[in-house]
Amino acid sequence: MGRRNMTGRSSEAIFWSLFAAGGVLAALLMPITILSIGILGPLQWQWFANATSFTGIRDLLDFPLVRVITAIALTLISIHAVHRIRHLIVDMHVPLPPSLVAFIAYAAAFGVAGLIAVSLVLI
């Protein structure tokens with residue numbers, strides 16, 4: 001059971017919903033990414049070869065809405081990943097308090113989110 005806050009409610013549901021959203025995004029985006037970057041781009045299909053080049057991606061990220069959507073998607077996927085790692089560490093009975101593991105995991109996820117935001121701003 002998750003830790004309870006001052007109102008008596010657990011905040012664990014928030015992290016599980018972010019985990020689920022990241023998992024759905026990863027499941028939907030990964031096949032598209034593999035197909036476009038890993039298969040169709042190297043086969044020199046015109047649109048995919050241009051779109052997956054550095055200039056093609058940079059041109060796509062010129063639109064602010066695309067940057068925001070990219071930041072949200074990558075942030076949710078990173079939260080999904082650290083949530084899995086957090087529960088793996090707890091299930092392996094690593095001798096650390098679960099609250100410390102949770103803090104480190106989610107701090108890492110939000111650190112990655114900050115790096116994503118900074119890198120998308122600087123592009």
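## Notes on a predicted helical model

1. Let's start with a crossing: α1 passes α4 in a left-handed way. Please keep in mind that this is a predicted model. The two helices pack at an angle of about 115°, and their axes lie 7 Å apart.

2. Who makes that contact? From α1 come Glu12, Phe15, Trp16, Leu18, Phe19, Ala21, Gly22, Gly23, Leu25, Ala26 and Leu29. On the α4 side you'll find Ala73, Leu76, Ile77, Ile79, His80, His83, Arg84, Arg86 and His87. Sorted by class, the contact between α1 and α4 has 12 nonpolar, five polar and three charged residues.

3. Arg86 is worth a look while you are on α4, the helix it lies in. Is Arg86 buried or exposed? Its relative accessible area is 11%, under the 20% cut-off, so Arg86 counts as buried. Leaving aside residues up to four places away in sequence, Arg86 touches Glu12, Val101, Ala102, Ala105 and Tyr106. Glu12 also belongs to the α1 side of the contact with α4.

4. Stay on α4 for Thr75, too; the helix covers residues 64-91. Thr75 counts as buried because its relative accessibility is 16%. Which residues does Thr75 touch, not counting those up to four places away in sequence? They are Ala113 and Ile116. Both numbers fall in the range of α5, given as 98-122.

5. Back on α1, have a look at Ile14, which has its place in that helix. Ile14 is nonpolar by class, yet it is exposed, with a relative accessible area of 52%. How far apart are Ile14 and Ala73? In sequence they are separated by 59 residues, and in space by 17 Å, taken C-alpha to C-alpha. Ala73 is one of the α4 residues in the contact with α1.

6. Next, the largest pocket, which holds about 800 Å³ of space. Its lining is made up of 20 residues, and the closest to the pocket's centre are Leu29, Thr33, Ile37, Leu60 and Thr70. Two or more lining residues come from each of these elements: α1 (12-40), α2 (46-51), α3 (54-60) and α4. Leu29 turns up twice in this note, since the α1 contact with α4 includes Leu29 as well.

7. What classes of residue line the largest pocket? There are 15 nonpolar and five polar residues, and no charged ones. The contact of α1 with α4, by comparison, does include three charged residues.

8. Gly56 is a residue to check in α3, the helix where it is found. With 17% relative accessibility, Gly56 counts as buried. Not counting residues up to four places away in sequence, Gly56 touches Asn50 and Ala51. Those two carry numbers within the range of α2, 46-51.

9. Finally, a backbone point about His93, which sits in the loop between α4 and α5 (98-122). His93 has a positive phi of about 60°, although it isn't a glycine. Is His93 buried or exposed? Its relative accessible area is 68%, over the 50% cut-off, so His93 is exposed.

Methods. Residues are numbered from 1 along each chain as its sequence is written. This is a predicted model: local features need pLDDT of at least 70, side-chain atom pairs count only at pLDDT 80 or more; totals for chains, interfaces and linings use all residues. Side-chain values use heavy atoms; hydrogens and water are left out. Helices (H or I, at least four residues) and strands (E, at least two) are DSSP runs, numbered from the N terminus. Buried means under 20% relative accessible area, exposed over 50%, partly exposed in between (1.4 Å probe, protein chains only). Contact means heavy atoms within 4.5 Å. On a 1 Å grid over the protein atoms alone, a cavity is a set of points where a 1.4 Å probe fits but cannot get out, and a pocket is an open set with protein on both sides within 12 Å along at least five of seven lines; lining residues have an atom within 4 Å of a point. Grid points are joined across faces, edges and corners, and a volume is the space filled by probe spheres set on the points. Axes are lines fitted to C-alpha atoms, for helices over the stretch in contact, and angles run from 0 to 180 degrees between N-to-C directions. A crossing is left-handed if the near helix is turned anticlockwise from the far one by less than a right angle, and right-handed if clockwise.
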